[in-house]
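User: Hi, I have just opened this one and would like to be walked through it. Could you start with how you judge a helix by its length?

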Amino acid sequence: RLGYALNDGDLIEGVTGRGVAIPTRLGAPYAALSVVAVSSRLGGARRDEVVALLRSEARRLSETLAGR
């Protein structure tokens, strides 16, 4: 629903992660990019900024893999 994966201390208390899929030309997930950090460094506006950067890079990688 969010368009990205999240982990807010589910595996390790105090550690937060965000991840996005890198889709194939047909839209199926091929690989993923993620960022993990101490929770206090990846909240609020910074979280949104990191997700936007991950999405942008995932798009670029998808296009490169598709030969565009």
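Analyst: The expected span of a helix is 1.5 Å times one less than its number of residues. Please keep in mind throughout that this is a predicted model.

User: How far apart are the end C-alpha atoms of helix 1, and what span should they have?

Analyst: Helix 1 covers residues 44-65, which is 22 residues, so at 1.5 Å a residue it should span 32 Å, and its end C-alpha atoms are indeed 32 Å apart, in agreement with that expectation.

User: Which residues of helix 1 are buried?

Analyst: The buried residues in helix 1 are V50, V51, L54, A58 and S62. Because they cover an arc of only 105° around the axis, they sit on the same side of helix 1.

User: And what does that buried side pack against?

Analyst: The buried residues of helix 1 pack against two strands, namely strand 2 (15-23) and strand 3 (29-38).

User: Which exposed residues are on the face turned away from the buried side?

Analyst: That face of helix 1 carries A45, R59, R60 and T64, which are exposed. As for what follows the helix, G67 comes just after helix 1 and takes a positive phi of about 80°.

User: Let me step back. What is the overall pattern along the sequence?

Analyst: The protein chain has one helix and three strands, and, read along the sequence, these elements follow the pattern β-β-β-α. The C-alpha atoms fill a box of roughly 40 × 20 × 20 Å when it is taken along the principal axes.

User: How much of the chain is buried?

Analyst: Buried residues make up 19% of the 68 residues in the protein chain. The accessible surface of the chain comes to about 5000 Å², and 54% of that surface belongs to carbon and sulfur atoms.

User: What about contacts between residues 24 or more positions apart?

Analyst: Such pairs account for 36% of the contacts in the protein chain, counting contacts with a separation of 6 or more.

User: Back to S62, then. Why does S62 count as buried?

Analyst: Its relative accessibility is 10%, and buried means under 20%, so S62 counts as buried. Leaving out residues up to four places away in sequence, S62 touches I22, P23 and T24. By way of contrast in position, S62 and G43 are 19 residues apart in sequence and 27 Å apart in space, C-alpha to C-alpha.

User: Where does L26 lie, and is L26 buried or exposed?

Analyst: L26 lies in the loop between strand 2 and strand 3, and at 82% relative accessibility L26 counts as exposed, because the cut-off for that class is over 50%. The C-alpha atoms of L26 and A66 are separated by 9.6 Å, although these two residues are 40 residues apart along the chain.

User: One more, V36. What does V36 touch?

Analyst: V36, which has its place in strand 3, touches V15, T16 and G17, again not counting residues up to four places away in sequence. V36 is exposed, with a relative accessible area of 58%. V36 and G19 are 17 residues apart in sequence, and their C-alpha atoms are 8.7 Å apart in space.

User: Last topic, the charges. How far apart are the mean positions of the positive and negative charges?

Analyst: The protein chain has 10 positive and 7 negative charges, and the mean positions of these two groups are 7 Å apart.

Definitions and conventions:
Residues numbered from 1 in each chain as written. Predicted model: local features only at pLDDT ≥ 70, side-chain atom pairs only at ≥ 80, totals over all residues. Heavy atoms only, no water. Helix = DSSP H or I, 4+ residues; strand = E, 2+ residues; numbered from the N terminus. Buried < 20%, exposed > 50% of the residue type's maximum accessible area, 1.4 Å probe, protein only. Arc of directions from axis to C-beta. Contact = heavy atoms within 4.5 Å. Areas by Shrake-Rupley, 256 points an atom, 1.4 Å probe, with all protein chains shown as cover. Lys, Arg positive; Asp, Glu negative; His and termini not counted. Charge placed at Lys NZ, Arg CZ, Asp CG, Glu CD.
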